[in-house]
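Trainee: I should like to learn how features of a protein model are read, one at a time. Where should we begin?

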Amino acid sequence: MKKWKLPLGKDGKGKTKTWILLLLAGILLLVIALPTDKKTETTGRNTESSSGQEAASSASKTTDQYVRAMEKRVEELLSSIEGAGKVEVMLTVESAGEVILQTDEDTEAKSERETDSAGGVGTREEQSRSSQTVLTGSGNLPYVTKELCPKVTGIVVAAEGGDNAAVKAEISEAMEALFDVPAHKIKVLKRIKEES
């Protein structure tokens with residue numbers, strides 16, 4: 001096995017150069033081993049994703065509140081149908097609804113006439129578009145032009161009179177009219193009467 005020997009000059013300059021090289025190699029290893037700003041970038045991304053999750057959570061809570069309120073209103077309405085008795089309603093929705101904001105759109109069109117070296121004439125057209133959300137004067141909130149409620153996709157109704165064909169038909173037709181849901185997405189069931 002060979003032993004490593006450092007090349008040293010008679011005057012000691014080789015020894016100094018060797019130490020400098022070793023020192024530089026050590027510094028290089030330290031620089032490579034130091035943590036980078038990737039944690040900061042990751043934290044930044046986590047902050048963005050957590051704010052996105054908060055927005056999604058907020059939208060989900062709003063949708064749940066809307067659905068619960070609609071279920072209660074429908075229960076009150078259906079309970080007033082003769083023969084329906086006590087009613088429970090469950091609605092399923094497709095999405096969280098949609099808010100449409102007012103935007104200012106700018107469209108810019110440029111047209112240039114060009115002549116090539118052979119004498120041919122051509123036209124070059126460029127278009128660019130930009131849009132910006134309109135903000136209200138108070139609080140710099142976006143100006144909402146339309147708010148669409150979540151779309152109801154399915155309905156289950158449990159009614160004490162759900163075994164009566166006439167009551168079942170009335171409830172089903174009422175749900176079709178209210179929510180524009182096809183009949184095959186509406187189920188009316190007999191609810192068990194509560195004992196007093």
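Mentor: Let us begin with contacts: two residues are in contact when heavy atoms lie within 4.5 Å. Please keep in mind that this is a predicted model. Leaving aside residues up to four places away in sequence, Glu160 touches Ala84, Gly85, Lys86, Lys190, Arg191, Lys193 and Glu194.

Trainee: Where does Glu160 lie, and is Glu160 buried or exposed?

Mentor: Glu160 is in the loop between strand 6 (152-159) and helix 3 (165-179). A residue counts as buried when its relative accessible area is under 20%. Glu160 has 18%, so it is classed as buried.

Trainee: How is a salt bridge recognised, and which residue meets Glu160 in one?

Mentor: The criterion is a side-chain nitrogen of Lys or Arg within 4 Å of a carboxyl oxygen of Asp or Glu. The side chains of Arg191 and Glu160 form such a bridge, with an N to O distance of 3.9 Å. This pair links distant parts of the chain, 31 residues apart: Arg191 is in the segment after strand 7 (186-190), and Glu160 is in the loop already named. Salt bridges that share partners join Glu88, Glu160 and Arg191 into one network. Both Arg191 and Glu160 are buried.

Trainee: How many salt bridges does this rule give?

Mentor: The count comes to 5 salt bridges. One of them joins Glu71 and Arg68, whose closest N and O atoms are 3.4 Å apart. Because Glu71 and Arg68 are 3 residues apart in helix 2, about one helical turn separates them. Glu71 is buried, at 9% relative accessible area, whereas Arg68 is partly exposed, at 47%.

Trainee: Which residue forms a salt bridge with Arg124?

Mentor: The partner of Arg124 is Glu114, with the closest N and O atoms 3.5 Å apart. Arg124 belongs to strand 4 (residues 121-133) and Glu114 to strand 3, and the two are 10 residues apart. Arg124 is partly exposed, with a relative accessible area of 38%, and Glu114 is also partly exposed, with 36%.

Trainee: How should a residue within a helix be read, for example Thr63?

Mentor: One asks for its element, its burial and its contacts. Thr63 lies in helix 2 (residues 38-79) and is buried, with a relative accessible area of 9%. Apart from residues up to four places away in sequence, Thr63 touches Val93, Ser95, Ala96 and Pro150.

Trainee: What does the corresponding reading give for Ile100?

Mentor: Ile100 is in strand 2 (residues 98-101) and is partly exposed, at 29% relative accessible area. Not counting residues up to four places away in sequence, Ile100 touches Tyr143, Val144, Thr145, Lys146 and Leu148. Ile100 and Tyr143 are 43 residues apart in sequence, yet their C-alpha atoms are 8.8 Å apart in space.

Trainee: Where on the surface does negative charge gather?

Mentor: Asp104, Glu105, Asp106 and Glu108 form a patch of negative charge there. Asp106, which lies in strand 3 (residues 103-115), counts as exposed at 53% relative accessibility.

Trainee: What pattern does the chain follow along its sequence?

Mentor: The chain has 3 helices and 7 strands, in the order α-α-β-β-β-β-β-β-α-β. Of its 196 residues, 16% count as buried. Among contacts in the chain with a separation of 6 or more, 65% come from residues 24 or more positions apart. The accessible surface comes to about 16,000 Å², and carbon and sulfur atoms account for 54% of that surface.

Definitions and conventions
Residues are numbered from 1 along each chain as its sequence is written. This is a predicted model: local features need pLDDT of at least 70, side-chain atom pairs count only at pLDDT 80 or more; totals for chains, interfaces and linings use all residues. Side-chain values use heavy atoms; hydrogens and water are left out. Helices (H or I, at least four residues) and strands (E, at least two) are DSSP runs, numbered from the N terminus. Buried means under 20% relative accessible area, exposed over 50%, partly exposed in between (1.4 Å probe, protein chains only). Patches are made of residues with over 30% relative accessible area and no salt bridge: like charges are joined within 9 Å, nonpolar side chains (Val, Leu, Ile, Met, Phe, Trp, Tyr) within 5 Å. Accessible areas come from the Shrake-Rupley method with a 1.4 Å probe; for residues, only the protein chains shown count as cover. Lys and Arg count as positive and Asp and Glu as negative; His and the chain ends are not counted. The place of a charge is taken as NZ of Lys, CZ of Arg, CG of Asp or CD of Glu.
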